[in-house]
Number of protein chains: 2
Amino acid sequence: MSTLASRIERYIKDMMDAADLNSVELKRKDLAEVFSCVPSQINYVLETRFRDEQGYHVVSRRGAGGCFRIIRLEVTDDREMKDLISAVSGSEMSYRTAEGFLGRLLEESVIDRGEYMLIMSMIDKDTLAAAGESEDRLRAAMIKNVLITLLRMDY
Amino acid sequence: MSTLASRIERYIKDMMDAADLNSVELKRKDLAEVFSCVPSQINYVLETRFRDEQGYHVVSRRGAGGCFRIIRLEVTDDREMKDLISAVSGSEMSYRTAEGFLGRLLEESVIDRGEYMLIMSMIDKDTLAAAGESEDRLRAAMIKNVLITLLRMDY
DNA sequence: TTTTTATTTGACTTTTTTTGACCATTCTGC
DNA sequence: GCAGAATGGTCAAAAAAAGTCAAATAAAAA
């Protein structure tokens, strides 16, 4: 008998396959009810099976009417991109490094000139200095989010 | 099922779109009746979905025959863009407020969907939480930079 | 068997929405 | 002008989600 966590994982993945969608919206409470388990079990599944590095991205809303959405990132022919995400995860990035990194994305037409300028303006040194010593960690996290978003966008 | 607040928001926006007007006049009591809810629910919707920084302005009159009018603001030239920049300068912005603000820029085609997603991913709550106390100030600064860049790019 | 890792659970926290009791303003008929 | 009716506004409490974290179990590895 497989574990509860694995069964929930399968249930969600099957659901996406069946609907042929790369995104599903669910209610934590409902899902917990389907499997008669505590709601926090769902968080465990999300944390262990649907991480960014695993090719999924989760967004959620609390409060009345709250829910969460799991987005499958298309990484089949984007092996490199997935590796990049893992590389950037939990790391730090200086402004110079980020500049070089984004410059390469621009050269390779992964982003266009407007996107490049927007992103650069947001990871600006003076601006992020407000974050104190977390500056470089924050910049890396932001770049990681950019990569995930780029993956989400191209389909 | 979406929340009552979201349905009321949609109802009002659809109404404006349908009439192709950038302003509608409504009676709080009537609207509450349409959705069978307490009148103060309408105030909640106005406060969370139709704030100035979200591109709408609300004026109202109390007393017998009272009502309120929602006016949709538009960013049509540099002048208005510059006003936005000064409004954001030195301020703080929560994630939700930023979401509304950027949603408005998207609605008005000041930014496109890709830019919207990129910017949103970078001002993400969890990500900026690394900045601790400065989270909201940092977010406002980042958005200000975005606006300046858009102005320079001649959006 | 012992140690380590993975899963399950529940008490407590945070966020967002919904509701209602009480307050303020304006108009109308005297 | 004043009383009363007809509106809209405020604010705080309750309700409806989702998130966190650490303790308890279970499973796997050594």
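Exposed serines, DNA surfaces and a chain contact

With 7 C-beta neighbours inside 10 Å, Ser109(A) counts as exposed (the label goes to residues with 12 or fewer other C-beta atoms within 10 Å of their own, buried means 20 or more, partly exposed is in between, and C-beta atoms are placed from the backbone). This is a predicted model, in which local features need pLDDT of at least 70 and side-chain atom pairs count only at pLDDT 80 or more, while totals for chains, interfaces and linings use all residues. Residues are numbered from 1 along each chain as its sequence is written, with chains lettered from A and ligands numbered from 1 in the order in which they are written.

Ser109(A) sits in the loop between α5 (95–107) and α6 (113–122) of chain A; helices here are DSSP runs of H or I with at least four residues, strands are runs of E with at least two, and both are numbered from the N terminus. Its phi is near 60°, a positive value in a residue other than glycine. Chain B has a case of its own: phi of Ser36(B) is near 35°, again positive in a non-glycine residue. Ser36(B) lies in the loop between α2 and α3 of chain B, and with 8 C-beta neighbours inside 10 Å it counts as exposed.

Turning to the DNA, 29 residues surround strand C, and the closest are Leu4(A), Ser40(A), Gly63(A), Ser40(B) and Gly63(B). Being near a strand takes a C-beta atom, placed from the backbone, within 6 Å of it. Two or more residues of this surface come from each of α1 (4–19) and α3 of chain A, and likewise from α1 (4–19) and α3 of chain B. Its make-up is twelve nonpolar, twelve polar and five charged residues (nonpolar covers Ala, Val, Leu, Ile, Met, Phe, Trp, Tyr, Cys and Pro, charged covers Asp, Glu, Lys and Arg, and the others, Gly among them, are polar).

DNA strand D is surrounded by 26 residues, with Arg28(A), Ser60(A), Gly66(A), Lys29(B) and Gly66(B) the closest. In chain A and in chain B, α2 (28–34), α3 (40–49) and β3 (67–72) each supply at least two residues of that surface. By class, the surface near strand D holds six nonpolar, twelve polar and eight charged residues.

As for the two protein chains, their contact takes 23 residues from chain A and 22 from chain B, a contact being two C-beta atoms, placed from the backbone, within 7 Å. On the chain B side, α6 (113–122) and α8 (135–153) each give at least two residues. The largest share there, eight residues, is from α8(B). That side of chain B has eleven nonpolar, eight polar and three charged residues.
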